[in-house]
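I opened this entry to record what I looked up in the model, beginning with how the chains meet and ending with single residues.

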Protein chains: 2
Amino acid sequence: MDVAYATYGELDADGSNAVLVCHALTGDANAADWWATLVGPGKPVDTERFFVVCANLLGGCQGTTGPSSIDPATGEPYGLRFPLLTVRDLTTVHRALLRRLGVSRVHTAIGGSLGGMQALQWALDAPEEVERAVVICASARLSAQNIGFSAVGRAAIMRDPHFAQGAPTGLAVARMMAHITYLSEEGMRRKFDRARRVPGAPMTLASDFEVEHYLDHQGASFLERFDPYTYLYLSRTMDYFEPFAEPPRSPEPPSTRFLLISFDSDWRFGTEHSLHIQRELRARGARAEHVEIASPWGHDSFLMDVPAYHEAVREFLAR
Amino acid sequence: MDVAYATYGELDADGSNAVLVCHALTGDANAADWWATLVGPGKPVDTERFFVVCANLLGGCQGTTGPSSIDPATGEPYGLRFPLLTVRDLTTVHRALLRRLGVSRVHTAIGGSLGGMQALQWALDAPEEVERAVVICASARLSAQNIGFSAVGRAAIMRDPHFAQGAPTGLAVARMMAHITYLSEEGMRRKFDRARRVPGAPMTLASDFEVEHYLDHQGASFLERFDPYTYLYLSRTMDYFEPFAEPPRSPEPPSTRFLLISFDSDWRFGTEHSLHIQRELRARGARAEHVEIASPWGHDSFLMDVPAYHEAVREFLAR
């Protein structure tokens, strides 16, 4: 298989300064681009200090083998013949990549949302490889509402008759809906309220309120960069993720130190999801801190410039 | 135009016991069916005491003229040539119907969600015709998040290439998404949690979790009874509804007595929407009480058997 990855900074002589950044559902390997608030020179994940690695996920569509890759057995894209994946499958690829890069143990694994799930799964499976894990607005057990939104997104894609013909407008609808769940009601009120592009114009079924134009743009730009099959596969991976339903791999407490971060306005994977992870980790004897950060930006807060959040990450990595 | 309506009970000699029930986005004239918890013999809206009237909305698809009706000028359904409607347009039809039925003033106008918006608009326009208005989990100003969900539902319908050919799978997607917003996260957890139809079966992209099967059913059954054009039109009516942006029709305080009801788990039109209506009504000198009811069922609570809510309605109508 192919793995697309990016690195930033230099691995030090004793190989102790590697940080693996794990991307979320729609991310890619270019962590310093999509996570420019957090990753870069002098940033909390400081590329002058750390050797930062980020890889596009297995099942992805940004260079790593996924359902849109060509199946050598048929000469056609895998499509729905691609196997379903667990978070463990994703981290298995990360681990193989790091071994190739000469890294046997990371200083930190860090990620938000599905990225946090990867950091968590890896630390549970191989704590000796993960000194610290920063698990940001993640869940170890999606709720019925979470799964419901995930299912509607897939329904929008799969019921789209053009889905199989490469013109997936359903993917735009899925993205528009998901995008609302990444924001908070208060954040949307601040950003859009009821502003209209042309105040006082006649009523129309077409987009009129600024929030509609914004969602249209989110849907359209997503179609240019993303693959509907990857969306189907990786959203499903999240639905099934439930690492604490498995017995621990070892009776010993995991040696990894965990920092769990949630945001008070996140209604997708809010604080109760992080507290659930903390309870389960502590029940296994792990050291797991949790901090709830005030931010109006909902689930998307992990991508935003929120000083208290960045300070918490910086301090945890510096210990 | 045609108006489909149902009546229950008898109008008394002085015409003082009429109750107009206003239905929500996807309702119909048969109030004693879809609102059987509230409307019927001995119920809070007691059909042994009141003359209860309910009419399918203008723009609807259950007997009243709407976009799926035949345009006599063309012999074809109106479709997207049907005019966009305001809540005032809807209540104008109600008022004409009531005059035909010999009712010049109702004891009570009552409705939930879009139904509550109608009761509110009517009382603001003609308080002399509305002695009491019960406005349940309504909004007088949809938020950006509300409009966003509404826009995604319309996008699912309008971008569906089969929409114009009478096989509107996009309408099912819109309904599935909206249905999640009618429930609460806690209500969904109680009802479904992460139960799977076949525990331990292999992962699949097809529906597996019970919440998925439930949403599939909601989508499929909606296609059998509802019209995508009506969904487009009436959801848009809600987006634009903002009655307090207009100046009052009269400097006199409205004589209507208002009861505003919200549910603590409703995140679509929650308590802050009702409090906004109360503030605006009081600013105009109207008598407006508000009660927040505890219920786990989210926005859908107004259709559920919630005793404290029913008692509040019963008591207000008995005064």
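I looked first at the contact between the chains and found that 37 residues of chain A are in contact with 37 residues of chain B, where contact means that the C-beta atoms of two residues, placed from the backbone, lie within 7 Å. The elements giving two or more residues to the side of chain A that touches chain B are helix H4 (144–158), helix H5 (169–182), helix H6 (185–191), helix H7 (210–225) and H8 of chain A; helices (H or I, at least four residues) and strands (E, at least two) are DSSP runs, numbered from the N terminus. H4(A) gives the most to that side, with 10 residues. By class I noted 22 nonpolar, 6 polar and 9 charged residues on the side of chain A that touches chain B, with Ala, Val, Leu, Ile, Met, Phe, Trp, Tyr, Cys and Pro counted as nonpolar, Asp, Glu, Lys and Arg as charged, and the others, Gly among them, as polar.

I should record that this is a predicted model, in which local features need pLDDT of at least 70 and side-chain atom pairs count only at pLDDT 80 or more, while totals for chains, interfaces and linings use all residues. Residues are numbered from 1 along each chain as its sequence is written, and chains are lettered from A and ligands numbered from 1 in the order in which they are written.

Next I asked how the copies are related. Chain A can be laid on chain B with an RMSD of 0.0 Å by a turn of 180 degrees and a shift of 0.0 Å along the axis, the superposition being by least squares on the C-alpha atoms of residues with pLDDT of at least 70 in both copies. The two copies are thus related as by a two-fold rotation axis. I also noted that 100% of the interface residues of chain A are interface residues in chain B as well, so the copies meet through the same surface.

I then turned to the interior. The largest nonpolar core has 200 residues, and those with the most contacts inside it are Val21(A), Val52(A), Val152(A), Val21(B), Val52(B) and Val152(B); such a core is a set of buried Ala, Val, Leu, Ile, Met, Phe, Trp, Tyr and Cys residues joined through C-beta atoms within 7 Å. Leaving aside neighbours within four places in sequence, I found Val152(A) in contact with Met177(A) and, from chain B, with Val173(B), Met176(B), Met177(B), Ile180(B) and Leu215(B).

For the sheet of chain A, I wrote down an open sheet of 7 strands in the order E1-E5-E2-E8-E9-E10-E11, with mixed pairing, two strands being paired if DSSP finds at least two bridges between them. Strand E1 (5–8) and strand E11 (287–293) of chain A stand at the edges with a single partner strand each, so one side of each is left without a neighbour in the sheet. Neighbouring strands are turned by 15 degrees against each other on average, direction ignored. Helix H2 (residues 87–100) of chain A lies across E1, strand E2 (18–22), strand E5 (51–55) and E8 of chain A, running at about 135 degrees to E5(A); axes are lines fitted to C-alpha atoms, for helices over the stretch in contact, and angles run from 0 to 180 degrees between N-to-C directions.

I followed E10(A) more closely. E9(A) and E10(A) run parallel and are joined by 5 bridges, and the bridge partner of Ala133(A) in E10(A) is Phe258(A). On E11(A), which runs parallel to E10(A) with 7 bridges between them, Val291(A) stands opposite Ile261(A) and Ile293(A) opposite Phe263(A). Of the 7 residues of E10(A), 6 are buried, so this strand is largely enclosed by the rest of the structure; buried means 20 or more other C-beta atoms within 10 Å of a residue's own, exposed 12 or fewer, and partly exposed in between, with C-beta atoms placed from the backbone.

Last, I checked backbone angles. Most residues other than glycine have a negative phi. Ser113(A), in the loop between strand E8 (106–112) and helix H3 (114–125) of chain A, has a positive phi of about 60 degrees and is buried, with 27 other C-beta atoms within 10 Å. Cys137(A), in the loop between strand E9 (130–136) and H4 of chain A, has a positive phi near 35 degrees and is buried, with 29 other C-beta atoms within 10 Å.
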